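Me: I should like to go through this model term by term. For each description, please set the value against the criterion behind it and then conclude.

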Amino acid sequence: MGTRTRLAGLCIAAVGAFVMAAGLVSLVSPQAAAAACAAGTASDFNGDGLVDTVIGDPNATVNGVKRAGLVRVVLGGGKGVFEISQATTGMAATPEANDQFGFSNTTYDADGDGCTDLVVGVPYEDVTAGGARRIDAGAVYVIHGTPTGIGAGSKIIGYHQQELDSATSTEAYDWFGYAVKAGVTAGGSPFLVVGVPGENVTVDDKTFPDAGAIEYIQGATRVPVSQKDPGVPGSVEVNDRFGYSLAGTNRFFAVGTPGEAIGAAKFAGGVTVFGHIRTTTPRA
């Protein structure tokens, strides 16, 4: 059974135990932002200093395809509404039934140009990897803001799990992108966390289906984390779904595990809180 250390209703992982590889390199600093973007707010896709709003609609029909999903970005100051889907020009994908593009979304300035960038999770995306089609493997897309808006004409980068982190594999039913959370650490480095609650985790040659994992990105460092890692409380169990939900600030980020058993109580659930700490100690 999994266990948790209780503190103010939260389950706290030892901050120093969050391990990342050596050689972390931060992205471009906000001071290097392009002059065209004011970088005045935390959600400002066109860099004009006004707050913009993101509205996810994962059940939307796109080009006649049911539940393909889309996201709408409403620019502050009445400067327009941008609709983004897998049919958007520049998107290396096509709308498919039940993909649910926009199921999750988060924002941060990934490239330091002063325009906020949008990260969209598509957990039910079917992915072709290794010559095979991986059902519901999931994907995330980073759509970069520009001084004229966001969507068609934006730089758009899509990732399945192995593309984001070559140390992992893209597998069916992983739900990569089910939850996403991005921001900036207290030290000024952009970070992104991607939940992979359907990830199977192997411990001592035994595989636990749907134990769950996350991908943590800060600068050039990309690290998979699960409950098998040193310092992460709890035990790897079937259906834990570690990474099902995410939250975060500039100092901490939290990972939800709704299937976690606490003592004899099955599916009691838990939350693990990490600090944005990097060390030079390699992962086990």
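Me: What share of the residues in the chain is buried?

Reply: The model is a predicted one. Of the 284 residues in the chain, 50% are buried. The criterion for that word is a relative accessible area under 20%. As for the surface, the chain exposes about 12,200 Å², of which carbon and sulfur atoms supply 54%.

Me: What makes up the secondary structure of the chain?

Reply: The chain has 20 strands and 1 helix. Among contacts between residues at least 6 apart in sequence, 55% join residues at least 24 apart.

Me: How do you know where in the chain the confidence is lowest and where it is highest?

Reply: The pLDDT runs from 0 to 100. The mean is lowest in strand β1 (residues 6–7), at 28, and highest in β7, at 98. Over the chain the average is 85, and 85% of the residues score at least 70. Residues 1–35 have a pLDDT below 50, although this stretch has 93 contacts in the model beyond near neighbours in sequence. Residues 280–284 also fall below 50, with 10 such contacts.

Me: Why is asparagine 98 called partly exposed?

Reply: Partly exposed covers the range between buried, under 20%, and exposed, over 50%. Asparagine 98 has a relative accessibility of 41%, and therefore counts as partly exposed. Its place is in the loop between β5 (81–85) and β6 (104–108). Asparagine 98 also has a positive phi, near 70°, in a residue other than glycine.

Me: What makes aspartate 204 exposed?

Reply: The criterion for exposed is a relative accessible area over 50%. Aspartate 204 has 74%, so it is exposed. This residue is found in the loop between β14 (201–203) and β15 (206–208). Although aspartate 204 is not a glycine, its phi is positive, at about 50°.

Me: Why is strand β17 described as mostly covered?

Reply: Strand β17 spans residues 221–225, and 4 of its 5 residues are buried. A residue is buried when its relative accessible area is under 20%. On that count, the description of β17 as mostly covered follows.

Me: How do you know that β16 and β17 are paired, and in which sense?

Reply: Pairing requires at least two bridges between the strands. Strand β16 (residues 213–218) and β17 have 5 bridges, in the antiparallel sense. One bridge joins glutamine 218 to threonine 221 in β17. The hairpin of these strands has 2 residues between them, and glycine 219 takes a positive phi near 60° there.

Me: What makes β12 and β17 edge strands?

Reply: Each of them pairs on one side only. They belong to an open sheet of 4 strands in the order β12-β13-β16-β17, with antiparallel pairing. Its twist averages 15° from one strand to the next. At the β12 end, β12 and strand β13 (residues 190–196) pair over 5 bridges in the antiparallel sense. Within this pair, glycine 183 stands opposite phenylalanine 191 in β13.

Me: How do you know that β4 and β5 pair?

Reply: The requirement is at least two bridges, and β4 and β5 have 5, in the antiparallel sense. One of the partnerships is that of valine 73 with phenylalanine 82 in β5. These strands lie in an open sheet of 3 strands, in the order β3-β4-β5, with antiparallel pairing. Its edge strands are β3 (53–57) and β5, each of which pairs on one side only. Neighbouring strands here are turned by 20° against each other on average, direction ignored.

Me: Which residues of the largest nonpolar core touch the most other members?

Reply: Of its 16 residues, these are Val73, Ile84, Phe101, Leu118, Tyr141 and Ile143. The elements that give two or more residues to this core are β4 (70–74), β7 (117–122) and β10 (139–143). Apart from it lies another core, of 14 residues, including Ala110, Tyr159, Leu164 and Val196.

Me: What is isoleucine 143 in contact with, leaving aside its neighbours within four places in sequence?

Reply: A contact requires heavy atoms within 4.5 Å. With those neighbours left aside, isoleucine 143 is in contact with residues including Ile84, Leu118, Val120, Ile150 and Ile156. Asp117, Gly151, Ser154 and Lys155 are also among its contacts.

Terms used
Residues numbered from 1 in each chain as written. Predicted model: local features only at pLDDT ≥ 70, side-chain atom pairs only at ≥ 80, totals over all residues. Heavy atoms only, no water. Buried < 20%, exposed > 50% of the residue type's maximum accessible area, 1.4 Å probe, protein only. Core = buried A, V, L, I, M, F, W, Y, C linked by side-chain atoms within 4.5 Å. pLDDT = per-residue confidence, 0-100. Areas by Shrake-Rupley, 256 points an atom, 1.4 Å probe, with all protein chains shown as cover. Axes fitted to C-alpha atoms, helices over the stretch in contact; angles between N-to-C directions.
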